[in-house]
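Student: Could you take me through one part of this structure slowly? I would like a close look at how one chain is built and how it meets its partner.

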Amino acid sequence: MNFVWLDIAVRVLLGSTLVMAQAVLLNWLGVPFAAITLFAGVAAYGAVAGVAPVIVALALLEAAFLLLVRPLPQDRYLLLSLASLALMRSAVGAVNRFGGQLGTASVSTLIPAQRPTSAFPFALALFLAAFLLLLALRHSQMGLAVDTARIGATDFCANSMTPVGMITALLLGAAVLLAAFAGAVQGAYAGWIDPNVFRIDYAITMLVATLVIGRMPIRGALLAMAFFVFPDFFSSALGYNRTASAHIREILWGAAIIFLAGRGTSTARGNQ
Amino acid sequence: MLRGAYYVPIALAFALVARHGRYLPLWLPECGMVAAYAAYFSIERARFPLLLGMAVAVLAGSLSALVAHYALFAGHVARSEPFAALLRGIGVIVLLDNIASLLTGGYALAFSRLAIPSSGRFRMVHALLGSDALALGCVPLLAGGLWAAVNHTRSGLQYRSVSANRQVATQYGLRVQRIDFIVVVMGGLLCAIGGITNGLRYGLTATMMSTTALKAVAVVVAVGYDRLLTVALGMLAIGVLESLCQARIRFSAFEDGVSYAALAIGLVVHYVVWPWWRHWRERRSWGAEKQLAEARL
């Protein structure tokens, strides 16, 4: 395997980890959250801001999103999660210490920038952790409780059978942890971080992938990887422009969202 | 203010359709993009006369709104499924933006056709484009006209009745299907106007409407979709604030964040602070009544 494919593998594994972390919230738990890149982006700035401020920021963001799950209707919650990205982008872009809107170099002793051989083990470990989490949700009693909690959004009996708040906090914490580590690896590997990590269109790309992978762990993991590997693979195999391949991917998956949303596959929590 | 004026038709269309269908029609501003591209291709490529090209574009915008509504969203409106409709709306945006980007190679298209002849005497006019005058003129016309039509006409009463409760409106004999049709056509028409004016001012890009859509959603959700005049004023205020942020280097990063801040504040106030305040006030008055009753005893 040459370095180009190793580089693609690192990006695919990190992207898939983020998608699977978001799927835990959106597909399994039914919380309409679409800003997993917010946590990844905040953690990516850890190389510049330091670990402690990043942990505090992540904890505050998690608490805020946790508190707003119940009062907000699900479509408003989704919008708020996207809006939080734009706000974070503006806030980070205004700080000179972080390089403003141009960004700054991120230096890590553990993962040197643009060295796929050093980033690959971390990316693989995170991917496997996310995959194991999905497997556990599928095959364990905890998974059954999560299913009951999701159904509890519309069914009073199901709601009374599970500690919904505790499960939501637990899974949100797990998703935040996965996203934060993935973001930190991504930031260190890229060697440069700028406010574009909080772009809404990137979050929407993640949302598209999350909705399509559904609630099947193996199929979901494979689909998530296929989503990110498609542009590189397509352009490498057919000699097609990589950007155009990404457009084709988004067109196909956008059509899949239109189809899947019509079938009502995603039942999210909250007031209708 | 000019910047906000370009957003106003989109926000009005969004508020009109959102109130009617009780969901957030994120897809609707994309009809403006369809109209803008239709205007470009009919005027620049097919060499249609300006007015005919504009008419074709407005028609294309309205038709695309009708097709999208009846093919994808009418069922969600009838069944009251706002979340599924929102997800489908995101799917439509992703689909249309990428098709447009693929067809144009990702390049922006210049489409400035309404330049006002410059004159040495009128320096203010020298800086303005025809599309600026059009956008500014549309604000009082569209906002006032729509507000009057919705709140002070018989058709507006029917619209409000259907928006409030479709089932009851149907049982009372209102022609809900006809109102659906008119609302979607109006929404498409307003978006077409917004899309064409935006295209004339800022050029055509594949994502020209998706950002505007999110800004319109932010304001409509923050102020409430039943307040058309406030929506228009809110959009103008967002334009002013964005321009002020752009003018100051220290705040330039917040240029795109203004509308989202309004959205976040609006949502938290509407769904968290206000219910909590109401609950607290009720408990307080209940406690006072209880104390009074105990004192009387």
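Tutor: Here is a walk through chain A, its contact with chain B, and then two helices of chain B. Please keep in mind that this is a predicted model.

Let's begin with the make-up of chain A. Chain A has 12 helices and two strands. If you read along its sequence, the elements come in the order α-α-α-α-α-β-α-α-α-α-β-α-α-α. The radius of gyration of chain A is 18 Å, and the globule rule gives 19 Å for 272 residues; the two values are close, so chain A is as compact as a globular protein of that length. Taken along the principal axes, the C-alpha atoms of chain A fill a box of roughly 55 × 45 × 30 Å. As for burial, 50% of the 272 residues of chain A count as buried. You can also ask how the chain folds back on itself: among contacts in chain A between residues at least 6 apart in sequence, 78% join residues at least 24 apart.

Now turn to the place where the chains meet. Chain A brings 39 residues to the contact, and chain B brings 35 residues. On the side of chain A that touches chain B, α5 (74-93), α10 (200-213) and α12 (242-262) of chain A each supply at least two residues. The largest share of that side comes from α5(A), with 13 residues. Sorted by character, the residues of the side of chain A that touches chain B are 22 nonpolar, 13 polar and four charged.

Let's finish with two helices on the partner chain. Helix α9 of chain B runs over residues 176-202, and at 1.5 Å a residue its 27 residues should span 39 Å; the end C-alpha atoms are 38 Å apart, so the expected span and the model agree. This helix, α9(B), is mostly covered, as 19 of its 27 residues are buried. Just after α9(B) comes Gly203(B), with a positive phi of about 85°.

You can read helix α4 of chain B (residues 82-104) in a similar way. At 1.5 Å a residue, the 23 residues of α4(B) should span 33 Å, and its end C-alpha atoms are 33 Å apart, so here too there is agreement. α4(B) is mostly covered as well, with 19 of its 23 residues buried. Gly105(B) follows α4(B), and the phi of Gly105(B) is positive, near 70°.

Conventions:
Residues are numbered from 1 along each chain as its sequence is written. Chains are lettered from A and ligands numbered from 1 in the order in which they are written. This is a predicted model: local features need pLDDT of at least 70, side-chain atom pairs count only at pLDDT 80 or more; totals for chains, interfaces and linings use all residues. Two residues are in contact if their C-beta atoms, placed from the backbone, lie within 7 Å. Helices (H or I, at least four residues) and strands (E, at least two) are DSSP runs, numbered from the N terminus. Ala, Val, Leu, Ile, Met, Phe, Trp, Tyr, Cys and Pro count as nonpolar, Asp, Glu, Lys and Arg as charged, and the others, Gly among them, as polar. The radius of gyration is taken over C-alpha atoms; the globule rule is 2.2 Å times the number of residues to the power 0.38. A residue is buried if 20 or more other C-beta atoms lie within 10 Å of its own, exposed if 12 or fewer, and partly exposed in between; C-beta atoms are placed from the backbone. The expected span of a helix is 1.5 Å times one less than its number of residues.
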